[in-house]
Amino acid sequence: METIVVIVFVLGYLAITLEHNLKIDKLIPALGMMAILWAIIALTHMEVYDIIPGVGKESHHLEGVLLHHLGKTAEILVFLLGAMTIVEIIDYFDGFSTIKGYIKTKKKGSLLWIVSSLAFVLSAIIDNLTATIVLITILQKLIKERDLRLWFAGLIIIAANAGGAWSPIGDVTTTMLWIANKVTAGVLVEHVLVPSIFCFVIPTFIASRMSVFKGSVADDASDDDKPKSRYAATMFYLGLGAIIFVPIFKSVTHLPPYVGMMLSLAFVAAFAEIYSSSKFSISTIDGESEAAGHHSPVHSSLSKIELPSILFFLGILLAVAALESLGLLFDFAGVLNETVPRLGTELHSTIISDLVVMLLGVGSAVIDNVPLVAASIGMFQIGLDEPAWHFIAYSAGTGGSMLIIGSAAGVVAMGMEKIDFFWYFKKISWLALVGFLSGAAVFILMRNFILNV
């Protein structure tokens, strides 16, 4: 029956990967695959295990194992729901319009460095997907020439993915590693920040020397876009500060991250309700006067949450959990340990080598990095803050930039600017590869000769 389980997983995974070709949202095969896998386990009375580090597989009852994995998955989903709601509340007050105030130049090269740096910093706070949406929206107001915007969008994808890799709240995969107690926020930043900087700086520097970024942007964009709310800047900084507070809360209380995120959400939501109750707070929201009646920003924000993404994460994480519960990932890790050659220095683990982790990064450009990281969490029983986990965070977070469909940031940019897959492959992919390899080399050098771990 294990063969059937693997076949179902592979077919479901293939359907997720080919969602654009099949024109079926990836949440559908993810949820279907998850339900079928657990149904097979239940109906055939397959033995399920709990993988204990340093011990191995320990048999448990199905209900207990499923409830355990549901609880771990719920931690991630509740955390993401809180973060998404805070971001939507900021957007409700048009807070992201504050960013436009930082962009003063019309020179293409300078503008490239500004938007790439903003993408790198913002993605570490509000996640790479949201940062990409915000900056491309701003670019659409600043640059009317679509061909030029495509180049900017491509470099934003690279910078946003690099920025998300070093922050525990910057990318779903790093959030998963953080919540699973594989990395701590401080050590993750210490190991991955500098490689991530190289990952976005090198491609940006190369691109800035290209002819397409010479000269100035045509001064024909509208410059009269004013914030819809007088509290736009306040809610922008309040929201960002609340999200940054979450890792601090966890380090002080040692409570799961979603608890801190719920506290931050309550804090931001309270101010949002107070500000929206003022008849002078919002001039217009969706063309309506706020004075005409009170609109709850929390209710409005919750209605805009990307529930398809939440359901996809639920399906894929529990599907991977099914393989983990059967011991398949644990057994595969043992096979990997015996067959994959070591390259370079050991990563303080008997099963992970630099080659495997870099291949995971390359693989994340082809298939979704969420299940890849979920599988690695189930496969590799190594300690907290082992360098291997930090390398996985870097590789999975930045490797997806090599293809337009390899990351959430790339997919949303593809939709917003109608970027052609092959255009990106010819123009941007090689820059992303150079950045990925540069950052990986820096990570290995730091690990071996600077951090001495």
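Good morning. I begin at the surface, where L14, L18, L22, I24 and I28 form a nonpolar patch. Together, these residues have about 420 Å² of accessible area. One member of the patch, L18, sits in the loop between α1 (2-17) and α2 (19-22). Its relative accessible area is 32%, so L18 is classed as partly exposed.

Before I go further, please keep in mind that this is a predicted model. The pLDDT averages 82 over the protein, and 85% of the residues score at least 70. Confidence is highest in helix α9, residues 185-208, with a mean of 94. Strand β2, residues 56-60, has the lowest confidence, with a mean of 55. Two stretches deserve a separate mention. Over residues 52-56 the pLDDT stays under 50, and the model gives this stretch five contacts beyond four places in sequence. The pLDDT is also below 50 over residues 341-352, a stretch with 37 contacts in the model beyond near neighbours in sequence. Where pLDDT is low, the predicted coordinates should not be read in detail.

Let us now turn to the interior. In soluble globular proteins, nonpolar side chains tend to be buried together. The largest nonpolar core of this model has 136 residues. Which of its residues touch the most other members? They are I89, I99, I126, F152 and M176. Helix α7 gives the most to this core, contributing 13 residues.

I89 may serve as an example. Setting aside neighbours within four places in sequence, I89 is in contact with M235, L265, V268, A269, A272, P297, V298 and S301.

Two further positions are worth finding in the structure. The first topic is T175, which belongs to helix α8, residues 172-179. Is T175 buried or exposed? Its relative accessibility is 2%, and T175 therefore counts as buried. When residues up to four places away in sequence are not counted, T175 touches F79, P168 and I169.

The next topic is L326, placed in the loop between α13 (307-325) and α14 (328-339). Although L326 lies in a loop, L326 counts as buried because its relative accessibility is 2%. Along the chain, L326 and I41 are 285 residues apart, yet 8.6 Å separates their C-alpha atoms.

I finish with charged residues. Side chains of opposite charge can pair when their charged atoms come close. How many salt bridges does the structure hold? There are two.

One of them joins E75 and K72, whose closest N and O atoms are 3.8 Å apart. Both residues belong to helix α4, residues 62-92, and they are three residues apart, so about one helical turn separates them. As for their surroundings, E75 has 16% relative accessibility and therefore counts as buried. K72 has a relative accessible area of 35%, which means that K72 is partly exposed.

The other salt bridge is formed by E417 and R149, with the closest N and O atoms 2.7 Å apart. This pair links distant parts of the chain, as its residues are 268 residues apart. E417 is found in helix α18, residues 408-417, while R149 is found in helix α7, residues 146-165. Both E417 and R149 are buried. Helix α7 has already been named in this talk, as the element that gives the most residues to the largest nonpolar core.

Thank you for your attention.

Key
Residues numbered from 1 in each chain as written. Predicted model: local features only at pLDDT ≥ 70, side-chain atom pairs only at ≥ 80, totals over all residues. Heavy atoms only, no water. Salt bridge = Lys/Arg side-chain N within 4 Å of Asp/Glu carboxyl O. Helix = DSSP H or I, 4+ residues; strand = E, 2+ residues; numbered from the N terminus. Buried < 20%, exposed > 50% of the residue type's maximum accessible area, 1.4 Å probe, protein only. Core = buried A, V, L, I, M, F, W, Y, C linked by side-chain atoms within 4.5 Å. Contact = heavy atoms within 4.5 Å. Patch = residues over 30% accessible without salt bridge, like charges linked within 9 Å, V, L, I, M, F, W, Y side chains within 5 Å. Areas by Shrake-Rupley, 256 points an atom, 1.4 Å probe, with all protein chains shown as cover. pLDDT = per-residue confidence, 0-100.
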